[in-house]
Amino acid sequence: MYQKRHNGQLSIEDFHLPFGGTLDTDNRWVIFSSLMPWEELEESYAPQFNPTTGAPAKPVRLAFGALFIKQRLGLTDEETVEQIRENAYMQYFLGYAGYSSKAPFDPSMMVHFRKRFSEEELTRINELIAERGKAMLMEVVASQQDDDDTNDPSAYADNQLSLDDFVKPADWPEGKNWGTLSIDASCTPADITYPTDLKLLNEARESTERIIDDLCEQNSDLRKHSPRYDRGKARANFLRVAKQKKPRRRKIKATIRRQLDYLQRNLDAIDALIHSGAMLSGLKTHWWQKLLVISELHRQQSILLYSKTRSMPDRIVNLVQRHVRPMVRGKTRAAVEFGAKISVSVRNGFAFLHRISWDPYNESEDLIPQAMKYKQEHGCYPERICADRIYINTKNRNFCTRNDIRLSGKRLGRPPKNPEISAAHKQQLSADQRRRNEVEGCFGSGKRKYSLDLIMARLSKGAENSRAA
């Protein structure tokens with residue numbers, strides 16, 4: 001059940017503090033509370049619940065606000081609850097009528113909160129927050145212009161220049177391109193151990209052994225179907241190669257073949273147990289879901305071993321986070337990363353998440369959709385698009401040429417003979433590359449500040465929300 005609440009925030013003076021005084025209006029959480037589109041969140045959040053039956057759900061302001069605090073400060077679920085309990089400003093941000101020393105909810109509720117907001121909703125919320133931020137910026141600049149001396153034109157020019165960098169002027173000619181769009185893609189690694197074929201097969205073998213033990217406990221007569229091999233020897237066979245610093249490929253393949261045989265015995269034993277009356281429903285959900293992943297892993301590893309190929313579509317790299325896929329990045333620090341690939345655009349100083357994908361893709365496909373999104377928002381195409389070299393292909397060049405968009409990168413054909421023109425082209429290319437640093441800065445701050453370099457959420461829905469929040 002869900003009960004709609006009035007999201008109008010109490011004034012600073014009405015917020016009750018047991019130790020006296022009032023809150024500071026310039027505090028960041030007070031400012032965030034005015035930026036958030038609470039009413040729009042309520043409209044998309046309330047239909048998920050039955051309005052008459054069930055226990056009352058947590059209000060949307062508490063649910064989304066807690067997720068925002070977690071991502072903003074890079075906290076764990078438990079630490080987020082503690083911070084909310086101790087901080088009056090955070091409680092004001094979450095819509096409390098006064099300070100309370102009680103925990104607002106159990107930390108396990110954060111998992112359910114992450115499931116209740118889709119990627120589309122978070123993208124729309126981000127756009128609404130950006131619009132409100134622009135409106136606040138215009139108010140600040142307008143107030144500065146009123147306070148400045150009207151006889152000082154230089155101060156007005158500086159304010160107007162800073163405002164025009166973010167907001168399209170009202171007298172801008174119709175149909176003329178305006179603004180700058182910077183785009184790039186990156187990978188957000190998941191919190192998993194580095195996968196190898198041998199390590200995955202050993203983990204799968206140990207998991208199936210645990211499943212067999214649980215099934216045999218349902219009936220003592222089922223133990224006759226347990227496979228007859230020494231589990232200690234099977235583990236020793238794995239460790240004999242895993243502990244070597246640089247084992248030969250021949251030894252690795254022989255050990256993989258051996259582990260596949262052990263795993264096949266366990267899978268056959270599980271089938272025999274089921275035919276004899278064992279019930280998979282008696283297992284916890286975690287284990288029978290893992291069993292499905294193990295069956296697919298056995299099929300993939302058998303193909304990789306006997307067909308002498310190293311390529312496999314939808315390759316499994318983790319038994320728990322089965323949605324994670326390898327992303328070949330070609331970076332010096334990590335040639336391959338394991339997580340979701342994200343595409344980000346910076347539109348005149350405001351960053352937006354364009355796409356999240358667990359499967360590899362060519363990011364150059366996103367240039368045209370992002371330019372179309374820019375036109376939908378501003379009414380015109382950007383004056384220039386600053387992108388990496390991978391975006392500068394024939395299709396994107398032709399699109400930018402047709403729509404009078406300057407695409408960063410080297411020009412086609414021979415360089416001009418006039419040295420002045422050549423120097424101007426180089427200077428323009430350098431300026432575009434410097435402007436592209438803003439999207440690189442978004443990735444840097446996201447990974448260093450907001451934990452995008454290691455996503456701790458295990459469920460795919462929660463991991464996507466952690467990236468989009």
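What follows is a walk through this predicted model, from its confidence values to its strands, its spaces and a few single residues.

Let's start with how far the predictor trusts its own work. Averaged over the protein chain, pLDDT comes to 85, and 93% of the residues reach 70 or more. Residues 153–161 are a stretch to treat with care, since pLDDT stays under 50 there. For that stretch the model has seven contacts beyond four places in sequence.

Now to the strands, beginning with β1, which covers residues 180–189. Ten of its ten residues are buried, so β1 is largely enclosed by the rest of the structure. It helps to look at the strand one face at a time. In a regular strand, side chains alternate between the two faces of the sheet. In β1, one side carries Thr180, Ser182, Asp184, Ser186 and Thr188, and the other carries Leu181, Ile183, Ala185, Cys187 and Pro189. The residues on both sides are all buried, so both faces of the strand are covered.

What does β1 pair with? One partner is β5 (residues 384–386), which runs parallel to β1 and is joined to it over three bridges. If you want a spot to click on, Leu181 has Ile385 of β5 as its bridge partner. Another partner is β3 (residues 336–347), and here the pairing is antiparallel, over nine bridges. Two places to look at in that pairing are Ser186, which stands opposite Ile342, and Cys187, whose bridge partner is Lys341.

Strand β3 deserves a stop of its own. Eleven of its twelve residues are buried, so β3 is mostly covered. Besides β1, β3 pairs with β2 (residues 326–328) in the antiparallel sense over three bridges, and there Met327 stands opposite Glu337. β3 also pairs with β4 (residues 350–357), again in the antiparallel sense, this time over seven bridges. Ser345 faces Phe352 of β4 in that pairing. Between β3 and β4 sit two residues, and the two strands form a hairpin. If you like checking backbone torsions, go to Asn348 in the turn: its phi is positive, about 55°.

Next, the empty spaces. Searching the whole structure for cavities of 30 Å³ or more turns up two. The second largest of them holds about 40 Å³ of space. Its lining is made by Thr193, Pro195, Thr196, Lys199, Leu200, Glu203, Val317 and Asn318. Sorted by class, that gives three nonpolar, three polar and two charged residues.

There are pockets to look at as well. The second largest pocket has a volume of about 540 Å³. Which elements give two or more residues to its lining? They are α14 (394–402), β6 (406–407) and α15 (419–448). Of these, α15 supplies the largest share, six residues. The lining has 23 residues, and those nearest the centre of the pocket are Gly409, Lys410, Arg411, Leu412 and His425. By class, the lining divides into eight nonpolar, seven polar and eight charged residues. That mix may be handy to have in mind when you bring up the surface.

Finally, some single residues. Is Glu209 buried or exposed? Its relative accessibility is 8%, so Glu209 counts as buried. This residue lies in helix α9 (residues 197–216). Leaving out neighbours within four places in sequence, Glu209 is in contact with Tyr229, Arg231 and Asn266.

Ala236, in helix α10 (residues 231–242), makes a useful contrast. Its relative accessible area is 32%, so Ala236 is partly exposed. To get a feel for distances across the model, take Ala236 together with Trp29: they are 207 residues apart in sequence and 55 Å apart in space, C-alpha to C-alpha.

His16 gives another such pair. From His16 to Leu239 the C-alpha distance is 62 Å, with a sequence separation of 223 residues. His16 itself lies in the segment before α1 (28–35). Its contacts, once neighbours within four places in sequence are set aside, are Ala97, Gly98 and Tyr99.

Technical notes
Residues numbered from 1 in each chain as written. Predicted model: local features only at pLDDT ≥ 70, side-chain atom pairs only at ≥ 80, totals over all residues. Heavy atoms only, no water. 1 Å grid on protein atoms, 1.4 Å probe; cavity = no way out; pocket = protein on both sides within 12 Å on 5 of 7 lines; lining within 4 Å. Points joined across faces, edges and corners; volume = space filled by probe spheres on them. Nonpolar A, V, L, I, M, F, W, Y, C, P; charged D, E, K, R; others polar. Helix = DSSP H or I, 4+ residues; strand = E, 2+ residues; numbered from the N terminus. Contact = heavy atoms within 4.5 Å. Buried < 20%, exposed > 50% of the residue type's maximum accessible area, 1.4 Å probe, protein only. Pairing = 2+ DSSP bridges. pLDDT = per-residue confidence, 0-100.
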